[in-house]
Amino acid sequence: MNRLEFIFILIAAAVTVSGAPIKVGVKAPAVMLHDEANRPWTLADTLTSPATKAVLLYFYPKDDTPGCTKQACGWRDRYGSLLSKGVVVTGVSFDTTASHHRFAKKHKLPFTLLADTAGKAADAYGVRVPKRKLTRRVSFLIGKNGTVLHVVDHRDPAKHFSEMQMAIAKHLP
């Protein structure tokens with residue numbers, strides 16, 4: 001698939017999306033996925049770390065595409081500030097662990113990328129593009145108790161950065 005075809009699919013998906021992401025106030029779904037090093041990952045395990053106050057779980061369509069790279073690098077550039085506030089960043093897409101490994105290495109991403117190749121997490125969080133192996137660009141701020149504190153559902157990565165910054169300031173004093 002070339003970039004033009006991919007962009008067309010994303011535009012079509014944005015127009016035809018019928019599902020909605022889970023809402024603020026609900027418990028985040030428990031899913032087990034594998035990270036870029038093929039290690040198992042669960043939200044519960046991540047939240048049990050004493051230094052973790054929240055998890056910023058963001059779903060994105062595809063490794064190494066323009067918008068997804070902009071988003072990943074944006075989180076990378078904010079990573080130190082987020083971590084100092086106790087926020088652990090974790091990205092999720094349908095890509096494989098090998099693809100995530102290459103993407104993370106190429107862009108020096110210091111956070112975890114999860115392979116949702118079967119779409120379990122995309123379906124559980126309500127972010128799958130219907131009838132496709134793609135997710136919409138949706139970010140969730142999940143509190144220490146596993147409850148969703150904030151949701152950003154927008155194509156523009158910059159919107160995710162600004163909204164999450166405000167949500168973190170509000171929920172994590």
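**Threonine 52, helix α4 and the salt bridges of the chain**

Threonine 52 sits in the loop between α2 (43-47) and β3. In this predicted model, the residue makes a convenient place to start. Threonine 52 is counted as buried, since its relative accessibility is 5%. Its side chain comes to 3.4 Å from the backbone oxygen of threonine 46. Once neighbours within four places in sequence are set aside, the contacts of threonine 52 are Thr46, Leu47, Gly86, Val88 and Lys144. Threonine 46 thus appears twice around this residue, as the owner of the backbone oxygen reached by the side chain and as a member of the contact list.

A look at the whole chain helps to place this loop. The chain holds 6 helices and 7 strands, and read from the N terminus these elements follow the order α-β-β-α-β-α-β-α-β-α-β-β-α. Of the 173 residues, 50% are buried. Among contacts with a separation of 6 or more, 66% join residues that lie 24 or more positions apart. The accessible surface amounts to about 8600 Å², and carbon and sulfur atoms contribute 59% of that area.

Some care is needed over how confidently each part is predicted. The mean pLDDT of the chain is 90, with 89% of the residues at 70 or more. Residues 4-18 are a stretch where pLDDT stays under 50. For that stretch the model has 16 contacts beyond four places in sequence.

Helix α4 offers a clear view of how buried and exposed residues are arranged. Its buried residues are Thr97, Ser99, His100, Phe103, Ala104 and His107. These residues lie on the same side of α4, because the arc they cover around the axis is only 155°. Their packing partners are β1 (32-35), α3, β4 and β5 (112-115). On the face turned away from this buried side, α4 carries the exposed residues Arg102, Lys105 and Lys106. Just after the helix, lysine 108 adopts a positive phi of about 55°.

Charged side chains come next. Side chains of opposite charge can pair when their charged atoms come close. In this model the count of salt bridges comes to 7. One of them joins lysine 62 to aspartate 95, with 3.0 Å between the closest N and O atoms. The two partners belong to distant parts of the chain, 33 residues apart: lysine 62 is in the loop between β3 (54-59) and α3 (66-84), and aspartate 95 is in the loop between β4 (87-93) and α4 (97-107). Their surroundings can be described by accessibility. Lysine 62 has a relative accessible area of 32% and is therefore partly exposed, whereas aspartate 95, at 7%, is buried.

Another salt bridge pairs aspartate 77 with arginine 76, and here the closest N and O atoms are 2.9 Å apart. Aspartate 77 is exposed, as its relative accessibility is 55%. Arginine 76 is partly exposed, with a relative accessible area of 27%. The side chains of aspartate 123 and arginine 128 also form a salt bridge, at 2.6 Å from N to O. In this pair, aspartate 123 is partly exposed at 46% relative accessibility, and arginine 128 is partly exposed at 24%.

Backbone geometry adds two further points of interest in loops. Aspartate 64 is not a glycine, yet its phi is positive, at about 60°. Aspartate 64 belongs to the loop between β3 and α3, the loop that also holds lysine 62. With a relative accessibility of 29%, aspartate 64 is partly exposed. Lysine 131, likewise not a glycine, has a positive phi of about 60°. This lysine is located in the loop between α5 (120-125) and β6 (138-143). Lysine 131 is exposed, since its relative accessible area is 86%.

Technical notes
Residues numbered from 1 in each chain as written. Predicted model: local features only at pLDDT ≥ 70, side-chain atom pairs only at ≥ 80, totals over all residues. Heavy atoms only, no water. Salt bridge = Lys/Arg side-chain N within 4 Å of Asp/Glu carboxyl O. Helix = DSSP H or I, 4+ residues; strand = E, 2+ residues; numbered from the N terminus. Buried < 20%, exposed > 50% of the residue type's maximum accessible area, 1.4 Å probe, protein only. Polar contact = N/O pair within 3.5 Å; in protein donor to acceptor, adjacent residues only side chain to side chain. Contact = heavy atoms within 4.5 Å. Arc of directions from axis to C-beta. Areas by Shrake-Rupley, 256 points an atom, 1.4 Å probe, with all protein chains shown as cover. pLDDT = per-residue confidence, 0-100.
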